[in-house]
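Hi,

Here is the structure I said I would pass on. Have a look at it first, and then read my notes below.

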Amino acid sequence: MATQPAIEARELRKTYTTTRGVFRRERVERAALRGVDLKIAPGELFGLLGPNGAGKTTMVKIFTTLLLPTSGSALVLGLDAVKEQWALRKRIGFVFGGERGLYWRLSGLDNLRYFADLYRIPPAVSRRRIPELLERLGLLGRERDRVELYSRGMKQRLHLARGLLNDPDVLFLDEPTIGLDPVGARELRLIVRELADAGKTVFLTTHYMFEADAICDRIAVIRDGAIVAEGTPSSIKTLVQDQGIVEFEVVGMPVERLAGLRSLPGVTSVAISEHELAQVVTVHCARPAEVMTQLGVILDGIRLEKVSSREPTLEDAYVQLIGDSR
Ligand SMILES: Nc1ncnc2c1ncn2[C@@H]1O[C@H](COP(=O)(O)OP(=O)(O)OP(=O)(O)O)[C@@H](O)[C@H]1O
Ligand SMILES: [Mg+2]
């Protein structure tokens, strides 16, 4: 990465210290981030994926200056999240999932006006920007309704509008689609993708592999405070390509033919199960496509039926990466 990363973590650690017990108070330490290194390029849409408690929100809070790291550094646009908090805040926007953070008795428009004031955005700028945001986020026409009358999807889009008031270069979204129905979630994802296409760097967290796959340029999987995989969605998928499975049915296959299958490169196991009329053969292998092309040769003269291969999905990759830490 020749240019300066838009977001960078160096050996980032966070250990929470809490106390437990009423009479004999006991200090408990919990490591939420265990030395994370990350670099995100300008304009990239980056997804941080991980199960509950993996450390996603902790990381977003540190980058957005809401929480101090225990050690290591967090930089946004080259600005240090601890030493240059104020300069950094001017350049970022953030949205945390959930329903808090808006004034429900006020209209969407008044909410945006209020926050624009709070963020000290010059009135001339906000008069132009607020209608633009309402339009872009599909809230135009409803801007004078009280927020309490908004659907969840509308509230979340208003949250996003609030996060964009200062026209930030970098946007942090902590589980932006939580609680939204599939249509609302999809709309929001499209908006987020558009923002990245328009040049903003976006850092989002999610529990959903398919969500990351749908819109992210690059993803990292975090588990128990450490990054366990990083790359494009398709490169993450190749991590489990050795989990491929080829399955087919045969009738009356001589057992010695199995040896030929077992000796194919990349085959890890061949299992055969007897069904009423046929035998079902299941081959676990590194490269299913290769095994499929060899089947005809090895099983020459035997009628194969229902040959299928299951490509590992991104979900398989994710489940393998996070193991049973859930
Ligand atoms: N204020 C806190 N005090 C003590 N421990 C905390 C605090 N906040 C988070 N933790 C712990 O730190 C770890 C990481 O939490 P974090 O909220 O960053 O996870 P997450 O990946 O965002 O999870 P989720 O998907 O559930 O939102 C968890 O073990 C959590 O219990
Ligand atoms: Mg979280």
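Let me start with a strand pair: β11 (residues 244-250) and β14 are antiparallel to each other and share five bridges. If you want a spot to find them by, look for Ile245, which sits opposite Arg310 of β14. Before you go further, keep in mind that this is a predicted model.

That pair belongs to an open sheet of four strands, ordered β12-β13-β11-β14 and paired antiparallel. The edges are taken by β12 (267-274) and β14 (304-310); each has a single partner strand, so one side of each has no neighbour in the sheet. On average, neighbouring strands here are turned by 15° against each other, ignoring direction.

One residue in β14 caught my eye. Lys306 lies in that strand, and its phi is near 50°, a positive value in a residue other than glycine. For background, most residues other than glycine have a negative phi. Is Lys306 buried or exposed? With 10 C-beta neighbours inside 10 Å, Lys306 counts as exposed.

Leu77 also has a positive phi, near 55°, and is not a glycine either. Leu77 is in a loop, the one between β4 (71-76) and β5 (79-80). Its surroundings hold 19 other C-beta atoms within 10 Å, so Leu77 is partly exposed; the cut-off for buried is 20 or more.

On the overall layout: the domain assignment splits the chain into domain 1 (7-238) and domain 2 (241-312). Taken over C-alpha atoms, the centres of domain 1 and domain 2 are 47 Å apart.

Next, have a look at β3. This strand, residues 45-49, is mostly covered, with five of its five residues buried. Which residues lie on each face of β3? Leu45, Gly47 and Leu49 are on one side, Phe46 and Leu48 are on the other, and all are buried. As for its partners, β3 runs parallel to β8 (residues 201-206), with five bridges joining them. β3 also runs parallel to β9 (residues 218-223), this time with four bridges. Two pairs to click on: Gly47 has Leu204 as its bridge partner in β8, and Phe46 has Arg218 in β9.

Follow the chain on from β3 and you get to the ligand site. The loop between β3 and α1 holds Gly53, which is one of the residues around ligand 1. The others in that shell are Tyr16, Thr18, Arg30, Ala32, Gly50, Asn52, Ala54, Gly55, Lys56, Thr57 and Thr58. Three elements give two or more residues each to the shell: β1 (7-20), β2 (26-40) and α1 (56-63). Which of them gives the largest share? That is α1, with three residues. By type, the shell around ligand 1 has three nonpolar, seven polar and two charged residues.

Back to Gly53 for a moment. With 15 other C-beta atoms within 10 Å, Gly53 is partly exposed. Gly53 and Ala32 are 21 residues apart in sequence, and their C-alpha atoms are 7.8 Å apart in space. Both residues belong to the shell around ligand 1.

That's what I have so far. Over to you!

Cheers

Notes. Residues numbered from 1 in each chain as written. Chains lettered and ligands numbered in written order. Predicted model: local features only at pLDDT ≥ 70, side-chain atom pairs only at ≥ 80, totals over all residues. Near = placed C-beta within 6 Å. Nonpolar A, V, L, I, M, F, W, Y, C, P; charged D, E, K, R; others polar. Buried ≥ 20, exposed ≤ 12 C-beta atoms within 10 Å, placed from the backbone. Pairing = 2+ DSSP bridges. Domains from an automatic or database assignment. Axes fitted to C-alpha atoms, helices over the stretch in contact; angles between N-to-C directions.
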